[in-house]
Amino acid sequence: MAVPVEKVKVLVLGDSGVGKSSLVHLISQGEAMGNSAWTIGCNVDVKLHDYREGTPHEKTFCVELWDVGGSINHSLSHSVFFNSVHGLILVHDLTNRKSQSNLRRWLGEVLNKDARKKTNGELDYDEEVFSENQLPVLVIGTKMDRIPDNNLEEVLSRSSSVAGQCRADFINLDCMQNKHLAAGTTNAVKLSRFFDKVVEKRYYTPDTRGRLGSQERRRPPSMTRTFSPTFLQEKLD
């Protein structure tokens with residue numbers, strides 16, 4: 001018998017070549033991706049997340065990870081994937097400063113989608129718009145293995161600054177190392193905490209976020225789907 005699993009949608013955004021597809025594979029499969037290819041359009045993968053794991057209120061949710069292609073040539077089509085979003089993962093290459101600074105543009109594309117605000121002809125991050133939306137955001141720096149030891153502290157400090165500008169938590173890792181998101185690690189805890197925030201954003205009213213034990217969820221029937229084991233396996237393959 002199929003088990004009903006409620007879902008949330010998380011966008012994974014960043015420039016081409018920063019390692020978004022490898023990151024999504026590591027998150028959803030728990031192992032490094034062998035060979036990755038450029039993403040054209042959007043790939044969707046899923047992860048089953050145990051919300052508030054280890055508590056009496058633990059519940060499994062389906063996290064849809066929407067890996068949006070980062071090519072600037074397809075920038076006009078990005079917005080078609082930005083509807084009904086519950087969280088954002090912003091990805092940058094720790095060895096590429098430009099990919100870090102461009103995170104503001106990616107954040108602006110999502111938050112200003114409806115506001116139509118523009119700066120110098122391009123959608124840009126607007127702190128006022130962000131404070132009104134309050135979307136959970138996680139910033140992830142990739143290719144940590146490529147940073148020279150004598151430059152590591154400076155690069156990681158810069159990554160932390162980028163996350164601060166976005167009012168987000170941050171993770172730095174090497175997507176080719178399973179251990180960087182292994183259960184119990186600081187990175188895994190941060191990721192789980194982020195997914196918890198996304199679930200709360202989607203299913204809990206402001207009045208109940210501070211007292212989740214009441215379990216007063218918003219469950220619009222139209223947004224609830226039933227995922228059979230076969231369907232989930234197809235999404236994960």
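## A walk through the sheet and its cores

Start by selecting β2 and β4: these two strands run parallel, joined by six bridges. Keep in mind that you're looking at a predicted model. Now click on V8 and look across to β4, where its bridge partner is V63.

Next, show the whole sheet. It's an open one with six strands, ordered β3-β4-β2-β5-β6-β7, and the pairing is mixed. Which strands stand at the edges? Colour β3 (42-51) and β7 (169-172): each has a single partner strand, so one side of each has no neighbour in the sheet. Turn the view a little and you can follow the twist, which averages 25 degrees from one strand to the next.

Now add helix α5, residues 152-165, which packs on the sheet and touches β5, β6 and β7. The direction of α5 makes about 150 degrees with that of β7.

Time to go inside. The largest nonpolar core has 27 residues, and V10, L23, I27, L65, I89 and F195 touch the most other members. Elements giving two or more residues to this core include β2 (7-13), α1 (20-29) and β4 (59-68). The largest share, six residues, comes from α6.

Zoom in on L65. Leaving out residues up to four places away in sequence, L65 touches V10, V12, V24, I27, N43, V44, D45, I89 and F195. Apart from this core lies another, of 22 residues, among them L11, F81, L135 and V139.

Finish on α6. This helix has 18 residues and reaches 26 Å from its first C-alpha to its last, close to the 26 Å expected. Try selecting some of its buried residues, including L191, F194, F195 and V198.

Notes. Residues are numbered from 1 along each chain as its sequence is written. This is a predicted model: local features need pLDDT of at least 70, side-chain atom pairs count only at pLDDT 80 or more; totals for chains, interfaces and linings use all residues. Side-chain values use heavy atoms; hydrogens and water are left out. A nonpolar core is a set of buried Ala, Val, Leu, Ile, Met, Phe, Trp, Tyr and Cys residues joined through side-chain atoms within 4.5 Å. Buried means under 20% relative accessible area, exposed over 50%, partly exposed in between (1.4 Å probe, protein chains only). Helices (H or I, at least four residues) and strands (E, at least two) are DSSP runs, numbered from the N terminus. Contact means heavy atoms within 4.5 Å. The expected span of a helix is 1.5 Å times one less than its number of residues. Two strands pair if DSSP finds at least two bridges between them. Axes are lines fitted to C-alpha atoms, for helices over the stretch in contact, and angles run from 0 to 180 degrees between N-to-C directions.
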